[in-house]
Amino acid sequence: MQLIKKYTGRHDLSEDEIILFGEALEYMREHEFFCENAWLFNLGYFYDSIGKYDLAIKYFTTAIDQGDTVSYIGLADTYRHMGEYEKAKDYYIKAAVNGFERRAYRALEAMGYGIDQTQR
């Protein structure tokens, strides 16, 4: 229960939500899919998708702090959804530097930033 509350960032979960998160977590553990960074990354995308950007930023940042560089993409996407394009640009560039060039450059181009991929 504490683990579910820790990763959802909510203490007001309904009984159905607790059961659903608990079952998902148990499945991940049983099948050795549980990875704290992946859980944090997925929570970040979940909160981004429902417009709870502060929580999305929290989970992506925590994952990055623990070495999960793919979360730079999630963080950049969140800032883009918030309309904070300069912050988004900065995080897409960090994602590109950390091995996610194609995804980052596509997003930057879609945002209207011309990126010379040969000058990395």
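This report describes the helices of a predicted model, their packing and several of their residues.

## Overall architecture

The chain contains seven helices and zero strands. Read along the sequence, its elements follow the pattern α-α-α-α-α-α-α.

Of the 120 residues in the chain, 34% count as buried. The accessible surface amounts to about 7,300 Å², and carbon and sulfur atoms contribute 51% of that area. Among contacts with a separation of 6 or more, residues 24 or more positions apart account for 38%.

## Helices α3 and α4

Helix α3 covers residues 36–49 and includes Trp-39. Trp-39 has a relative accessible area of 7%, and it is therefore classed as buried, the cut-off being under 20%. Its C-alpha atom lies 8.8 Å from that of Ala-63, although the two residues are 24 positions apart along the chain. Ala-63 belongs to the group of buried residues in α4.

Helix α4 runs over residues 53–65, a total of 13 residues. From its first C-alpha to its last it reaches 18 Å, close to the 18 Å expected at 1.5 Å a residue. The buried residues in this helix are Leu-55, Ala-56, Ile-57, Tyr-59, Phe-60, Ala-63 and Ile-64. In an α-helix there are 3.6 residues a turn, so residues three or four places apart point the same way. Just after α4, Gly-67 adopts a positive phi of about 100 degrees.

## Thr-78 and His-81 in helix α5

Two residues of helix α5 are considered here, Thr-78 and His-81. Thr-78 has a relative accessible area of 0% and is buried. Leaving aside residues up to four places away in sequence, Thr-78 touches Asp-48, Tyr-53, Ala-56, Ile-57 and Phe-60. Among these partners, Ala-56, Ile-57 and Phe-60 are themselves buried residues of α4.

His-81 counts as partly exposed, because its relative accessibility of 40% falls between the 20% and 50% cut-offs. With residues up to four places away in sequence again left out, His-81 touches Asp-48 and Tyr-53. Asp-48 and Tyr-53 also appear among the contacts of Thr-78. Between His-81 and Asp-48, the C-alpha distance is 8.1 Å, and the separation in sequence is 33 residues.

## Packing of α5 against α6

A pair of packed helices is described by the angle between their axes and the distance between the axes. Helix α5, residues 71–81, packs with α6 at an angle of about 165 degrees, and the axes are 8 Å apart. Because angles over 145 degrees count as roughly antiparallel, α5 and α6 are assigned to that class. Their crossing is left-handed.

On the α5 side, the contacting residues are Tyr-72, Ile-73, Leu-75, Ala-76, Asp-77, Tyr-79 and Arg-80. They meet Tyr-85, Lys-87, Ala-88, Tyr-91, Tyr-92, Lys-94 and Ala-95 of α6.

## Packing of α6 against α7

Helix α6 (residues 85–97) and helix α7 (residues 101–110) pack at an angle of about 155 degrees, with 7 Å between their axes. The two helices are therefore roughly antiparallel. The crossing of α6 and α7 is left-handed.

From α6, the residues involved are Lys-89, Tyr-92, Ile-93, Ala-95 and Ala-96. Their counterparts in α7 are Glu-101, Arg-103, Ala-104, Tyr-105, Ala-107 and Leu-108. Tyr-92 and Ala-95 of α6 meet residues of α7, and they also take part in the contacts with α5.

Terms used. Residues numbered from 1 in each chain as written. Predicted model: local features only at pLDDT ≥ 70, side-chain atom pairs only at ≥ 80, totals over all residues. Heavy atoms only, no water. Helix = DSSP H or I, 4+ residues; strand = E, 2+ residues; numbered from the N terminus. Buried < 20%, exposed > 50% of the residue type's maximum accessible area, 1.4 Å probe, protein only. Expected span 1.5 Å × (residues − 1). Contact = heavy atoms within 4.5 Å. Areas by Shrake-Rupley, 256 points an atom, 1.4 Å probe, with all protein chains shown as cover. Axes fitted to C-alpha atoms, helices over the stretch in contact; angles between N-to-C directions. Parallel < 35°, antiparallel > 145°, perpendicular 65-115°, else oblique. Left-handed = near helix turned anticlockwise from the far one by under 90°.
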